[in-house]
Amino acid sequence: MSAPPLLKVENLSLRFTGKTGSLHALSDVSFHVEKGEILSFVGESGCGKSVTAMSILRLLPRSGVSYPTGRILFDGADLRTASERQMQRIRGGRIGMIFQDPMTSFTPVHTVGMQIAETVAQHRGVSHGQALKRARQMLDLVRIPDAARRLGAYPHELSGGMRQRVMIAMALACDPELLIADEPTTALDVTVQAEILALIDDLRRELGMSVILITHDLGVVAQVADRVMVMYAGRIVEEGCIEDVLARPSHGYTAGLLTALPLPGPHNHRTRLAEIPGAVPRLDREIDACVYAERCAFAEARCRSGLPSLAPAGASHRAACVRADAVAAAMAGNDIVRAWA
Amino acid sequence: MILYVVGRLLAAVPTLLIVAIFIFGLVHIAPGDPAILIAGDNANPEQVDKIRERLHLDRSLPVQFGIWFGNAVTGDLGTSVYSGRPVTELIAQRVEPTFLLALYTIVLTVIIAVPLGTIAAWKANGWLDRAIMGFSVAGFSVPVFATSYLLIYVFAVELRWFPVQGYKALSKGPVETLVSLTLPSIALALVFAALIARVTRAAVLDVIHENFVRTLKAKGMGTRRILVTHVLKTAGVPIVTVIGIGLAALIGGVVVTESVFNIPGIGRLTVDAIVRRDYPVVQGIILFFSLTLIAVNLVVDLSYALFDPRVRG
């Protein structure tokens, strides 16, 4: 771990601004991505995981979003203050991104071959023929059979899983050092989900790239992630190696997510799934208590007075919870925790 | 793709038949006996009978239609009551200026309107958008003859860059022709540009917030390439439809402009024929317009397949 991290985000904060006021979409988000690892962002819709990813590539719309504060250091350079020209070279060149919905994420009127090739031509400055050749290689790489013929296919002629493979091929066509995958399996059938995850995992080993994998599915995290970052209400609430976090969950929200997971096995399929009571707090004002306190099964009076900061909960494990030890102790009996402990 | 083309071509046949029946019926719906009308006030009954026989008006309606339709298919639309010359010849003489004026106008319109509409959508609700849409409202509100006279005053009378009026035939050199059609084309293009800029803006706005635009940004494509190669092509179908409607309308409806600029086109022929109650010519012109409209629609339909692979089926 002597090499500097590929991506280091420090104190990233940003608000959504509207006529009725502003929302704290991201508050003081700091994390890093090592070379070659898969870091997973987990949390429910609206927790800020996609916004974090989009602000790395500066893809958020300019209207309705405040200029972010903090630093986004990619290979030492701050992307937050980089010029639009520099960003254009990084997007698709050094950082690739894939999106949730492969149905709508392609231009419907161009062949997939053209759409991969234009990315290559844009960043490599090669001829159209060479770019197409690269596109073919990429389709082979993502294990699409009969790649030469598929180059001429339009997006609507491919299945969802096939389209997501093409999406991955397109994002990786210029050998990016980082792949950001925003819910890449959410829109797919369960069987296809597993294939796509395995593909991403294989490719990062083959190509030696880092991956940020955004998901709301802890099952996905457990399958491929090296480290996990749990987000809630625009903040990081727990972060660490997958083994540490799953073996010793140290935040009430992580505990809630784990408890809510359905478990395999004949004796479990008729039991009611656990849920987290209450709703996400309003984000239109500064919060000076634990953001999760109102819904937390472990909350005490001190949780509601003062915002807990991320504190070490293990060797490479941090949690923003004053009751971390109590949570970990209470979760020791959970099936998933027992499996990882 | 071939199936699609053949399908479109076949679909045009019933339209053509209905148009033919309608046009044939026109003479029979019009008040008065066409034979008497053609013979004039001083004709005796034998002369009227002769005309009736010559025009097959003594036969039953279906037989008449058959004869008329058969002639029309072979390009014989009858002769003008006023000048006695074949209708096809009269129309053919007037086609060149009208077609060229329509084409020139459409080219100018597209060059002006499509970029402006795209920019307006890209900068939606900004000052540039407001300025372009304001210009578009103005362009649509001012009548063509008013802009025509203003253009004539500035560019023909004062600056002397273009002739005040008249049309130079293509046979005398294409540059001369273009020069003589420039002012009328600009006058017409201002109106159509207003319309097409609006349609382009709406079509592009529909597409610009779709997910694929975000994908393009995420893979590092520049704004111009995103807008031109991806967004405009995806938004192409409604834009081309309106351009097609505009072209058809231009071929059929530039009477005022042709009058102001003294261009001997179809519009002028139409007005003259109506004023003289020259029914064979009116019939011929309507058939000609219908054919043009069907042809333009066919081309537009076929162009859909060019824009959107999903249409090819």
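This briefing describes a sheet in chain A and the contact between chains A and B. The model is predicted, so that local features need pLDDT of at least 70 and side-chain atom pairs count only at pLDDT 80 or more, while totals for chains, interfaces and linings use all residues. Residues are numbered from 1 along each chain as its sequence is written, chains are lettered from A in the order in which they are written, and side-chain values use heavy atoms, with hydrogens and water left out.

**The sheet of chain A**

- Eight strands (DSSP runs of E, at least two residues, numbered from the N terminus) form an open sheet with mixed pairing, in the order β6-β7-β8-β3-β9-β10-β12-β11; two strands pair if DSSP finds at least two bridges between them.
- The edge strands of chain A, each pairing on one side only, are β6 (95-98) and β11 (311-314).
- Strands β9 (residues 227-232) and β10 (residues 235-241) of chain A run antiparallel and are joined by six bridges, and Val230(A) has Glu238(A) in β10(A) as its bridge partner.

**The contact between chains A and B**

- The contact, meaning heavy atoms within 4.5 Å, takes 27 residues from chain A and 21 residues from chain B.
- Chain A and chain B bury about 2,000 Å² between them, 59% of it on carbon and sulfur atoms, where buried area is the accessible area (1.4 Å probe) that two parts lose on being put together, summed over both.
- Pro108(A), Val109(A) and Glu118(A) supply 27% of the area that chain A buries against chain B, more than any other three residues.
- Two salt bridges (a side-chain nitrogen of Lys or Arg within 4 Å of a carboxyl oxygen of Asp or Glu) are found across this interface, and one salt bridge joins the side chains of Arg225(B) and Glu118(A) at 2.8 Å, N to O.

Key:
Helices (H or I, at least four residues) and strands (E, at least two) are DSSP runs, numbered from the N terminus.
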